[in-house]
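Colleague: I would like to learn how to read the packing of helices and the pairing of strands in a model like this one. Could we go through it feature by feature?

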Amino acid sequence: MTKVLIDCDPGIDDALALALLAGSSLELVGITTVGGNVDLALTTANALSLREFLDLGDVPVTPGSAGALVRQTVRAAHVHGVSGLGEAVLPPAVRPVADGHAVDFIVNTLRAAPGEITLVATGPLTNIALAVRREPRIVEWARDFVIMGGSYTRGNHNPAAEFNMLADPEAAAVAFDAGWTVKMLGLDVTLKAVVTRAVLDRMRPLGRLADFLVPAAGFYGTITEDSGPAIHDACAVAYVMDPTLFGCAPAVVNVETTGTYTSGMTVTDFKVPGGRPNALVATSVDVERFWELVLGAYEKLAERLG
C-alpha cells in the first residue's frame, strides 16, 4: 500500500483530491496546510472539517506557512469562494490541529520512513521549499514527489503562470532545483479533467458525499454536456493511484522568478540539455479512465459514509 503525505490549501479542488484519497487504497499519513487559495486559517479549518467529514480517522492535520517566502500574498477566493469550499458547507471540526509546524512534520515523517512515503503537493510550494532548506535529505527520503502545478503551454491566474507557481515562485524554484524528479501534473492535463453533466449525474446519487461534491463542483464553473470546471488537484492523487492514466515526458523545468509579466512561469525544455531532467511532465490524460477511477473511488467512499 502506497503511503501519502499531502501538502494542500483547501480549496475546492484540494477538497476533491482529499475525497479521492479517502476513497482510494492509498494510506494517508498526514495532511499539512499552506496559505494559498484562501488564508491559512481557512485552509486549515477546511482540512480539519474534511478530515472528519471524509472519515479520515486520526490522520494529523498540521498547519504550515501563511504566506510566500518573499512575495506579497496572492489568493484565489474569487474562484473558490470566501470559505474556500464554494457553496459546500461542512460541519465545524471537533478535533484540533496537531502540534508543531508543517515543515517539521514533513521532515520528521519522511525521516522516519525513508523510501516509503510519496509527498503530494497541491498548493503553493512554500512548505516544501522550507522543508528542503531545513533538511535537504528529504529529497532522498521521499519515495516520490508529485505536484499539481505549472504548465508548459499557458497560465490560469495570468497568461504565463499557473496559480500555485505564481503564489510563491521562489519556493517553486527551490522545489524544482532540489535534486529529485518532480512529477508535474500541470494545466496541460488538468484542464482536460472537467466535470461535465454526465460526471455530475454520477455524483448526485452518492448520499452524504453528494451533499458536498455537487455544490462544490457546481460553484467552480459552468457545467455543460461537454465542458465544466477542472478538478486540478485530484489529478495529482490520481497519478499516484495509477500513473498509466497520464502520458509523461522528461524535461528540465525552471521557474521564472524575475520576469515582469512571467513570474511563476514554468519554463519547460523537453530537449533535456545535458541529459539531466529534473521533472517528469504530464502531457496527456486518458479522460475516460481518469473519471472511472475518480468516480469509482467516490462511490466506495459514499458507501462507507452512508
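Modeller: What follows takes the sheet and then the helices, and we should keep in mind that this is a predicted model.

Colleague: In what order do the strands of the open sheet stand, and is the pairing mixed or not mixed?

Modeller: The open sheet is formed by nine strands in the order β3-β2-β1-β4-β5-β6-β9-β7-β8, and the pairing is mixed. Neighbouring strands of this sheet are turned against each other by 30° on average, if direction is ignored.

Colleague: Which strands stand at the edges?

Modeller: The edges are held by β3 (61-63) and β8, each of which has a single partner strand, so that one side of each is left without a neighbour in the sheet.

Colleague: Where can I see the two senses of pairing in particular strands?

Modeller: For the parallel sense, take β4 (residues 117-121) and β5 (residues 144-148), which pair over four bridges, with Phe 145 in β5 as the bridge partner of Leu 119. For the antiparallel sense, take β7 (residues 246-255), which is joined to β9 (residues 279-285) by six bridges and to β8 (residues 266-269) by four. Cys 248 stands opposite Ala 282 in β9, whereas Val 255 stands opposite Thr 266 in β8.

Colleague: How should I describe two packed helices?

Modeller: Two packed helices are described by the angle between their axes and by the distance between those axes. Here, the axes of α1 (residues 12-23) and α12 (residues 234-241) come within 8 Å and cross at roughly 25°, and α1 and α12 are therefore roughly parallel to each other, since angles under 35 degrees count as such.

Colleague: Which residues of α1 and α12 meet?

Modeller: Asp 13, Ala 17, Leu 20 and Leu 21 in α1 meet Ala 234, Val 237, Ala 238 and Met 241 in α12; by class, this contact has seven nonpolar residues, one charged residue and no polar ones.

Colleague: At what angle do α1 and α11 pack?

Modeller: With α11 (residues 207-219), α1 packs at an angle of about 145°, the axes being 10 Å apart, and α1 passes α11 in a left-handed crossing. Ile 12, Ala 15 and Leu 16 of α1 make this contact with Phe 212, Leu 213, Ala 216 and Phe 219 of α11, a set that divides into seven nonpolar, no polar and no charged residues.

Colleague: Which strands do α1 and α12 touch or lie across?

Modeller: α1 lies across β1 (3-8) and β2 (27-33), running at about 165° to β1. α12 packs on the sheet, where it touches β1, β4, β5, β6 (182-185), β7 and β9, and its direction makes about 150° with that of β5.

How values were computed
Residues are numbered from 1 along each chain as its sequence is written. This is a predicted model: local features need pLDDT of at least 70, side-chain atom pairs count only at pLDDT 80 or more; totals for chains, interfaces and linings use all residues. Side-chain values use heavy atoms; hydrogens and water are left out. Axes are lines fitted to C-alpha atoms, for helices over the stretch in contact, and angles run from 0 to 180 degrees between N-to-C directions. Angles under 35 degrees count as roughly parallel, over 145 as roughly antiparallel, 65 to 115 as roughly perpendicular and the rest as oblique. Contact means heavy atoms within 4.5 Å. Ala, Val, Leu, Ile, Met, Phe, Trp, Tyr, Cys and Pro count as nonpolar, Asp, Glu, Lys and Arg as charged, and the others, Gly among them, as polar. Two strands pair if DSSP finds at least two bridges between them. A crossing is left-handed if the near helix is turned anticlockwise from the far one by less than a right angle, and right-handed if clockwise.
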